[in-house]
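Colleague: I am new to reading protein models, and I would like to go through this one with you slowly. Could you show me the sequence and the structure before we begin?

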Amino acid sequence: VSMRGSPLSGPARGPWSVARLQRIGNWGRADEAIGRRWEEVGLPALATLLHVARPADGQPYTPTAILILADDPSLRPEIHASGLPNPDAALLGQRPDGTPVIQAVDFKWSLERAERPQVAGATLARLLAAPLPGLHAALAQAARQAALDPAALVYVDGFFFAPEHAENRAWLASTANAQSEYPLAPADVLFWTVAPEAFFGPLPGWDLG
């Protein structure tokens, strides 16, 4: 095997450099890049759920606004510094009887890494009760958009928003999932169809991949 372009033989030449190879695979932190990309694609997809009734804790409600947590650069440092677990977003809406509802949503490219407490209503309630002024302002803005009183919100258990692919379906039906500490049920996941070329095309290293 030629050592041309290896770290031991001087600068790389051509497209097959170690630096470019590091841009693909886990060595190149592809997991993080794919996760961030799913958040980018998932947020607009999540918006299509607005104004459509969906179940939550056994009762329907209609979401009308989104509280974005993961993709807001002004909120990320504040939430991270709190040390509290958090979902990536939350839907705000109303039940038919007028009860205001907030439901956590977390984007997971791989359901194998999903843990139900992350989208529990109690987890989101604990986060939003913390002294985080930026987060409170964002919640107030989302509540205004939905014409809801943020102080009256009922926290319901949420769901994972995941791409429709074979590995996720296999994990959901697997013995490993059933025997895990927090097994996922079909009701804990909302699948979304992703166009592969459009999804992967912008990722670093995809041209080489």
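What follows is a set of questions and answers on the nonpolar cores, one helix and the salt bridges.

Colleague: What kind of model is this, and how are residues numbered?

Modeller: This is a predicted model, in which local features need pLDDT of at least 70 and side-chain atom pairs count only at pLDDT 80 or more, while totals for chains, interfaces and linings use all residues. Side-chain values use heavy atoms, with hydrogens and water left out, and residues are numbered from 1 along each chain as its sequence is written.

Colleague: Which helix or strand supplies the largest share of the largest nonpolar core?

Modeller: A nonpolar core is a set of buried Ala, Val, Leu, Ile, Met, Phe, Trp, Tyr and Cys residues joined through side-chain atoms within 4.5 Å, where buried means under 20% relative accessible area, exposed over 50%, and partly exposed in between (1.4 Å probe, protein chains only). The largest such core has 32 residues, and those with the most contacts inside it include Leu 67, Leu 92 and Leu 135. Among the elements that each supply at least two residues of this core are strand E2 (59-68), helix H4 (121-129) and helix H5 (133-145), helices (H or I, at least four residues) and strands (E, at least two) being DSSP runs numbered from the N terminus. The largest share, five residues, comes from H5.

Colleague: How many residues does the second, separate core have?

Modeller: In soluble globular proteins, nonpolar side chains tend to be buried together. Here a second core, separate from the largest one, includes Ile 66, Ala 89, Phe 161 and Phe 199, and its size is 22 residues.

Colleague: Why do the buried residues of H5 lie on the same side, and what arc do they cover?

Modeller: The buried residues of H5 are Leu 135, Ala 138, Leu 139, Ala 142 and Ala 143. An α-helix has 3.6 residues a turn, so residues three or four places apart point the same way. On the other side of H5, Pro 133, Gln 141 and Arg 144 are exposed. The buried residues are on the same side of H5 because the arc around the axis, taken from the directions from the helix axis to the C-beta atoms, is only 135°.

Colleague: Which elements do the buried residues of H5 pack against?

Modeller: Packing here rests on contact, meaning heavy atoms within 4.5 Å. The elements that the buried residues of H5 pack against are E2, helix H3 (76-82), E3, E4 and H4.

Colleague: Is Asp 106 buried or exposed, and how far apart are the closest N and O atoms in its salt bridge with Lys 108?

Modeller: Asp 106 is found in strand E4 and is buried, with a relative accessible area of 1%. Lys 108 is buried too, at 14%. A salt bridge is a side-chain nitrogen of Lys or Arg within 4 Å of a carboxyl oxygen of Asp or Glu, and between Lys 108 and Asp 106 the closest N and O atoms are 2.5 Å apart.

Colleague: What separates Arg 36 and Glu 32 along helix H2?

Modeller: These side chains form a salt bridge, the closest N and O atoms being 3.7 Å apart. Arg 36 is partly exposed at 47% relative accessibility, and Glu 32 is partly exposed at 38%. Because Arg 36 and Glu 32 are four residues apart in helix H2 (residues 30-47), what separates them is about one helical turn.
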